[in-house]
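Visitor: I would like to learn how to read the packing of helices in a model such as this one, and then how to follow single residues through their surroundings. Could we begin with the general idea and then turn to the case at hand?

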Amino acid sequence: MAMLNPSRRSNGTLATRREQLPWPKEKRFRILTIDGGGIRGVLPASILAEFERRHCGDVSIGQHFDMIAGTSTGGIIALALAAGLPASRVLDVYIEHGEKIFPSPRRLRRLRGALARVGSLCRYRYDRAPLERELRNVFGERTLGEATRRVCVPSFDGYTEVNVFKTPHHPDFRMDWREQLVTIALATSAAPTFFSVYSNGNRRFADGGVWANNPIMIALVDALTCYDVGRDQIDILSLGCGESEMVITEKQVRLGGLWHWKEIVSSAMHLASQNALGQAGLLVGRDRVVRLDAPVMANPIGLDDVVRAKSELPPIARSLVDIHEAVVAERFLGTLATPYAAYHGPRESAA
């Protein structure tokens, strides 16, 4: 069956190195990256909201960063910050409306939850309409071209090709500025087991977490290829949503098979995140990457477990802020970043 997509995004891939734009030698380049993690986005949203409360006054914490990247739930947070909205606004969506996005019957919760998991083997588990409704309440009709901070948000498209939505902060980036923030948010968060593939006109998108759940390398590579910035000028604040480690079992060793390796996707995402963090650390120095994440849990919080996420993650976030407050405030929150110069779209005159 023929695909609906009119053309492949990769058709426009550069054949040569991107021309770097100038960046002041004395100026730091501050990057914020936010992992994917479903309702566990409560953790990074709470971390950012707490830093906002303690250090940012009435200014969104996003205004302190030169580039923001986020995947899936982290992409929603990144888009909000890039548009100038406070992290507390996104946190309110998770806390106040999480049950609408990931509804769970109160009666017979365990039985129905088990049936839902079995059903999800054959179809998606949740209706996207509540999520889309809340995102439209947050973003309205804003487009990516209106964002004042550089942002990169991964998804993948109907050709199973990687797709990174980018603000027009380089002359080469002319494809995405017209996109509504709601469209990008729904594209990056279309987790295949939870929501249906997101269709927008004749295009189809699925969750960017499948290939870049931790978007740290997306942001770092973009910064290094777009700007003449030294690796020693870059500082990165990387926020996780709480990960779980997989221990290889005896049955996996002896028997193998799809059933015993049914959690391999989440494990692959965890390993990909570790790899991305390691690569970023090698490029800029591990001491220039500040990583905040929940400790590994023996009983991990599910990506759709609203009750546990709301009760357990905000206290963890406050503890992480207490531990890392001094270094984060010194490296990232001392001054506001300058809005990027846009090369296309409604802010083009600023270039």
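Guide: Axes are lines fitted to C-alpha atoms, for helices over the stretch in contact, and angles run from 0 to 180 degrees between N-to-C directions. Two packed helices are described by the angle between their axes and the distance between the axes. In this predicted model, helices α2 and α3 pack at an angle of about 140°, and their axes are 9 Å apart.

Visitor: Which term describes how α2 and α3 lie to each other?

Guide: Angles over 145 degrees count as roughly antiparallel, and those under 35 as roughly parallel, with 65 to 115 set aside as roughly perpendicular and the rest as oblique. α2 and α3 are therefore oblique to each other, and α2 passes α3 in a right-handed crossing.

Visitor: Which residues of α2 and α3 meet?

Guide: On the α2 side they are T73, I76, I77, A80 and L81, and on the α3 side they are A87, V90 and Y94.

Visitor: How many residues of helix α2 are buried?

Guide: Helix α2 covers residues 73–82, and 10 of its 10 residues are buried, so that the helix is mostly covered. Among the buried residues are G74, G75, A78 and L79, together with T73 and I76, which also belong to the set that meets α3. α2 is followed by G84, a residue whose phi is positive, near 90°.

Visitor: At what angle do the axes of α3 and α5 cross?

Guide: Helix α3 (residues 87–101) and helix α5 (residues 129–139) have axes that come within 10 Å and cross at roughly 155°. That makes α3 roughly antiparallel to α5, and the crossing of these two helices is right-handed. The residues that meet are R89, V93, H97, K100 and I101 in α3, and P130, L131, E134, N137 and V138 in α5.

Visitor: Now for single residues: is L239 buried or exposed?

Guide: A residue counts as buried when its relative accessible area is under 20%. L239, which has its place in strand β7 (residues 234–239), counts as buried because its relative accessibility is 0%.

Visitor: What is L239 in contact with, once its neighbours within four places in sequence are left aside?

Guide: The partners of L239 are L32, T33, I34, D35, P44, I47, L48, R291 and L292. For one of these, R291, the separation from L239 is 52 residues in sequence, while the C-alpha to C-alpha distance is 5.9 Å.

Visitor: Where is S46 placed, and what is S46 in contact with beyond its neighbours within four places in sequence?

Guide: S46 lies in helix α1 (residues 42–56) and is buried, with a relative accessible area of 8%. Apart from those neighbours, S46 is in contact with L91, P314 and A317.

Visitor: How should I set these local readings against the protein as a whole?

Guide: The protein has 12 helices and 8 strands, and buried residues make up 52% of its 351 residues. Among contacts with a separation of 6 or more, 79% join residues 24 or more positions apart. The accessible surface comes to about 16700 Å², and 56% of that belongs to carbon and sulfur atoms.

Visitor: Where does pLDDT stay under 50?

Guide: The mean pLDDT of the protein is 85, and 82% of its residues reach 70 or more. pLDDT nevertheless stays under 50 over residues 1–5, for which the model has 10 contacts beyond four places in sequence, and also over residues 114–123, for which the model has 5 such contacts.

Notes: Residues are numbered from 1 along each chain as its sequence is written. This is a predicted model: local features need pLDDT of at least 70, side-chain atom pairs count only at pLDDT 80 or more; totals for chains, interfaces and linings use all residues. Side-chain values use heavy atoms; hydrogens and water are left out. pLDDT is the predictor's confidence in each residue, from 0 to 100. Contact means heavy atoms within 4.5 Å. Helices (H or I, at least four residues) and strands (E, at least two) are DSSP runs, numbered from the N terminus. Buried means under 20% relative accessible area, exposed over 50%, partly exposed in between (1.4 Å probe, protein chains only). Accessible areas come from the Shrake-Rupley method with a 1.4 Å probe; for residues, only the protein chains shown count as cover. A crossing is left-handed if the near helix is turned anticlockwise from the far one by less than a right angle, and right-handed if clockwise.
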